[in-house]
Amino acid sequence: MNKPILSAHFESRKPSAVRLAQMKYEERKVKPEAVINVGIGNVSLPANTAMQKRMFALDAKNSPFASGVIRYTTTAGTEECQDAFRNILNCEGFDTSKLHFQVTDGGSTAMELLLIGTCGPAGTDKRPLLMIDPAYTNYISFAERTGRKTVTVKRQLNENGNFDLPEIDKIEEVIKANNPGALLVIPYDNPTGQLYDYDSMKALAQLCVKYNMWMVSDEAYRELYYDTDKPLVSIWGVTDADVPGIEGRRISIETASKVWNACGLRIGALITDNAEFNNRSVAEYTANLCANAIGQYIFGALAHESKEGILGWCQEIREYYREQILKVYKGLKEQEPNLIVSNPDASIYTVVDVRNVVKPGFNAIDFVLYCAGEGSVNIDGVETTLLVAPMSGFYDIKDSEANPGSTQFRLSFVETPEKMDKIPELFVKLLREYESQR
């Protein structure tokens with residue numbers, strides 16, 4: 001009997017690099033006593049306290065859900081939820097008077113909207129999205145899903161653990177060759193943990209004006225930076241006063257996931273200072289009807305928080321992650337000094353490169369699948385394995401090119417401090433066990 005035929009797109013689909021280990025582990029028949037999952041940026045901290053109050057009182061008299069009815073909201077999102085994103089930016093010192101806010105189902109949906117709103121027609125190479133490699137892997141996935149093209153400028157992980165931003169003339173060469181529709185920057189970078197300073201943001205903004213591109217900034221991790229002597233960086237801090245012509249071409253992607261510890265709430269936003277882009281984006285999103293109504297209500301609590309409350313929360317989260325990052329960095333270098341470990345100055349990730357400690361032919365994906373599917377080591381008397389993300393999926397590399405991510409991994413600082421403390425020993429032991437069998 002004939003079988004129904006899958007589309008070519010579905011036939012080509014593979015799991016996202018950030019979900020690969022978890023999916024393999026779920027298939028494992030005999031599981032170890034413990035597993036530590038730092039492959040996904042799935043924050044384990046409690047959500048912001050104002051949001052928790054609403055979450056635990058959905059049946060309160062003043063709740064829109066008290067009667068048990070859950071209706072659609074407007075497509076652009078409730079005014080209160082929009083105001084929550086607006087209030088956060090206001091508290092951080094940015095002018096929101098000319099900004100347009102659209103609430104989306106997580107930052108992920110906002111990514112899709114920006115791709116189809118700034119790039120050329122589906123199925124063509126026209127006006128691609130320009131990214132700085134390595135970049136968050138989901139942009140590549142969404143570009144493939146929507147038929148849009150991506151092009152990249154490469155960063156390299158140096159022996160000292162630093163990623164260097166490409167020189168402006170190198171970026172300009174790629175722009176001239178490909179005529180991108182938009183430039184994507186992730187100032188508090190996922191996956192590298194690199195922080196773009198204001199000078200870098202301004203230089204990139206100048207390119208966007210010069211070559212008539214949109215400037216898109218993924219600000220999921222804004223406020224998560226660890227050199228507090230530097231100012232808070234945002235696309236909304238780069239204005240016509242700094243770069244004439246940048247206003248009207250700025251877009252940011254926002255989310256409740258990271259700073260506000262609500263990954264599963266699936267509330268994000270697409271913010272722009274271009275009214276026409278906002279109108280068309282909302283029109284496109286009418287097919288989705290609206291974002292999660294309950295999630296909007298919960299996140300909407302932040303519309304009423306004071307500046308002291310917003311900034312105090314952010315400082316607390318920053319201090320928590322700073323401590324975890326430093327401990328894991330030191331622990332990895334103590335366990336294996338020849339590891340290359342990025343020492344992030346932003347976001348909640350570090351990149352570990354094992355190129356100096358493994359035999360030739362090492363493949364990060366194979367190691368990830370080994371740890372998830374069969375590997376385990378004894379840590380404090382408990383058989384344990386580790387789930388991490390292979391970095392190869394974060395590079396937009398042609399099949400004929402060598403992928404720097406083949407020896408690199410992204411670790412997320414999302415588990416409890418007690419579990420994070422075990423990661424250096426666990427990672428190195430698993431790596432040595434795997435290498436001994438190759």
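**Close-up views of a predicted model**

**View 1. T146 in helix α6.** T146 is found in helix α6, which spans residues 137-146, and the model in which it is shown here and in the following views is a predicted one. With a relative accessibility of 15%, T146 counts as buried. When its neighbours within four places in sequence are left aside, the residues in contact with T146 are E112, L115, I116 and A122.

**View 2. E167 in the loop between β4 and α7.** The loop that holds E167 runs between strand β4 (150-154) and helix α7 (168-178). Is E167 buried or exposed? E167 counts as exposed, because its relative accessibility is 52% and the threshold for that class is over 50%. Along the chain E167 and D95 are 72 residues apart, and in space their C-alpha atoms are separated by 30 Å.

**View 3. The crossing of helices α2 and α12.** Helix α2 (residues 20-27) and helix α12 (residues 364-373) have axes that come within 8 Å of each other and cross at roughly 35°, and the crossing of α2 and α12 is right-handed. On the α2 side the residues that meet the partner helix are L20, A21, K24 and Y25, whereas α12 brings I365, V368, L369, A372 and G373 to the contact. By residue class, the contact of α2 with α12 is made up of seven nonpolar residues, one polar residue and one charged residue.

**View 4. The largest nonpolar core.** The largest nonpolar core holds 135 residues, and those that touch the most other members are Y139, W260, F299, F409 and F427. Helix α11 (residues 307-335) supplies the largest share of this core, with nine residues. As a general background to this view, nonpolar side chains in soluble globular proteins tend to be buried together.

**View 5. Cysteines C81 and C208.** How many disulfides does a search of the whole structure find? The search finds zero disulfides, and the surroundings of two cysteines illustrate this result. For C81 the closest cysteine sulfur is that of C290, and because the two sulfur atoms are 11 Å apart, they are too far from each other for a bond, the cut-off for a disulfide being 2.5 Å. C208 is likewise in no disulfide, since the nearest cysteine sulfur, that of C119, lies 12 Å away, beyond the cut-off of 2.5 Å. As for solvent accessibility, C81 is buried, with a relative accessible area of 0%, and C208 also counts as buried, at 0% relative accessibility.

Terms used
Residues numbered from 1 in each chain as written. Predicted model: local features only at pLDDT ≥ 70, side-chain atom pairs only at ≥ 80, totals over all residues. Heavy atoms only, no water. Core = buried A, V, L, I, M, F, W, Y, C linked by side-chain atoms within 4.5 Å. Buried < 20%, exposed > 50% of the residue type's maximum accessible area, 1.4 Å probe, protein only. Helix = DSSP H or I, 4+ residues; strand = E, 2+ residues; numbered from the N terminus. Axes fitted to C-alpha atoms, helices over the stretch in contact; angles between N-to-C directions. Left-handed = near helix turned anticlockwise from the far one by under 90°. Contact = heavy atoms within 4.5 Å. Nonpolar A, V, L, I, M, F, W, Y, C, P; charged D, E, K, R; others polar.
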